[in-house]
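Below are some comments on the model you sent, set out as numbered points. They begin with one lysine and then move outward to the chain as a whole.

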Amino acid sequence: MTIMKPETRIVNKIKSLENKYKPNLIIEKNWGGPMSGVGRSDLSVIYDSIYYKIEVKTPDKEPSPSQQAYLEKWSRAGAITGCVHSVEEFIKLVGLPALE
């Protein structure tokens, strides 16, 4: 049995929002590894034509210096960037309307 990391559980809950906000929301999980570069954000998101780069952390963690540098690079290029610790923080950062 595979044990899911707490951060992965948060990412999966965030990804589940995509179906609820179609077609205006696209969420892609970025996979880390030697070919992807250091510090790459966990999520690439587009909502209503606005591009986001988002790092996902558990409530007791913050982005590493390389992750922060990655987010700052994308912010300088015009993306909205941030670190979220929950689905609620993701909804607030992206500005998703409340579901009915």
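**Notes on the predicted model**

1. In this predicted model, the side chains of Lys 53 and Tyr 70 make a polar contact at 3.1 Å. Lys 53 belongs to strand E3, which covers residues 50–56.

2. What is the nearest side chain of opposite charge to Lys 53, and how far away is it? That side chain is Glu 28, at 7.6 Å. Since a salt bridge requires the nitrogen and the carboxyl oxygen to lie within 4 Å, Lys 53 has no salt bridge, although the residue is buried.

3. The surroundings of Lys 53 can be listed with residues up to four places away in sequence left out. Lys 53 then touches the aromatic residues Tyr 70 and Trp 74, along with Leu 43, Leu 71 and Ile 80. Its other contacts are Asn 30, Ser 41, Ser 44, Thr 81 and Gly 82.

4. Three salt bridges are present in the structure. One of them pairs Lys 29 with Asp 42, with 3.5 Å between the closest N and O atoms. Lys 29 sits in strand E1 (residues 25–29) and Asp 42 in the loop between E1 and strand E2 (43–47), so this pair ties together parts 13 residues apart in sequence. Asp 42 is buried at 8% relative accessible area, while Lys 29 is partly exposed at 23%.

5. Another salt bridge joins Glu 18 to Lys 15, with the closest N and O atoms 3.3 Å apart. Glu 18 has a relative accessibility of 18% and therefore counts as buried. Lys 15, at 28%, counts as partly exposed.

6. Lys 57 and Glu 55 also form a salt bridge, their closest N and O atoms being 3.8 Å apart. Both of these residues are buried.

7. Two backbone features deserve a check against the general expectation: most residues other than glycine have a negative phi, and most peptide bonds are trans. The peptide bond between Lys 22 and Pro 23 is cis, with omega at about -5°. Pro 23 is placed in the loop between helix H2 (17–20) and E1.

8. Which residues in the loop between E2 and E3 have a positive phi without being glycine? Asp 48 is one, with phi at about 50°, and this residue lies in that loop. Ser 49 is another, with phi at about 70°, and Ser 49 is in the loop between E2 and E3 as well. Asp 48 is partly exposed at 43% relative accessibility, whereas Ser 49 is exposed at 75% relative accessible area.

9. As for the overall fold, the chain contains four helices and four strands. Their order along the sequence is α-α-β-β-β-α-β-α. The radius of gyration is 13 Å, close to the 13 Å that the globule rule gives for 100 residues, so the chain is as compact as a globular protein of that length. The C-alpha trace spans about 40 × 40 × 25 Å along its principal axes.

10. Some totals for the chain complete the note. Of its 100 residues, 36% count as buried. The exposed area is about 6,500 Å², of which carbon and sulfur atoms supply 56%. Among contacts with a separation of 6 or more, 49% are between residues 24 or more positions apart.

Technical notes. Residues numbered from 1 in each chain as written. Predicted model: local features only at pLDDT ≥ 70, side-chain atom pairs only at ≥ 80, totals over all residues. Heavy atoms only, no water. Buried < 20%, exposed > 50% of the residue type's maximum accessible area, 1.4 Å probe, protein only. Helix = DSSP H or I, 4+ residues; strand = E, 2+ residues; numbered from the N terminus. Lys, Arg positive; Asp, Glu negative; His and termini not counted. Polar contact = N/O pair within 3.5 Å; in protein donor to acceptor, adjacent residues only side chain to side chain. Contact = heavy atoms within 4.5 Å. Rg over C-alpha atoms; globule rule 2.2 N^0.38 Å. Areas by Shrake-Rupley, 256 points an atom, 1.4 Å probe, with all protein chains shown as cover.
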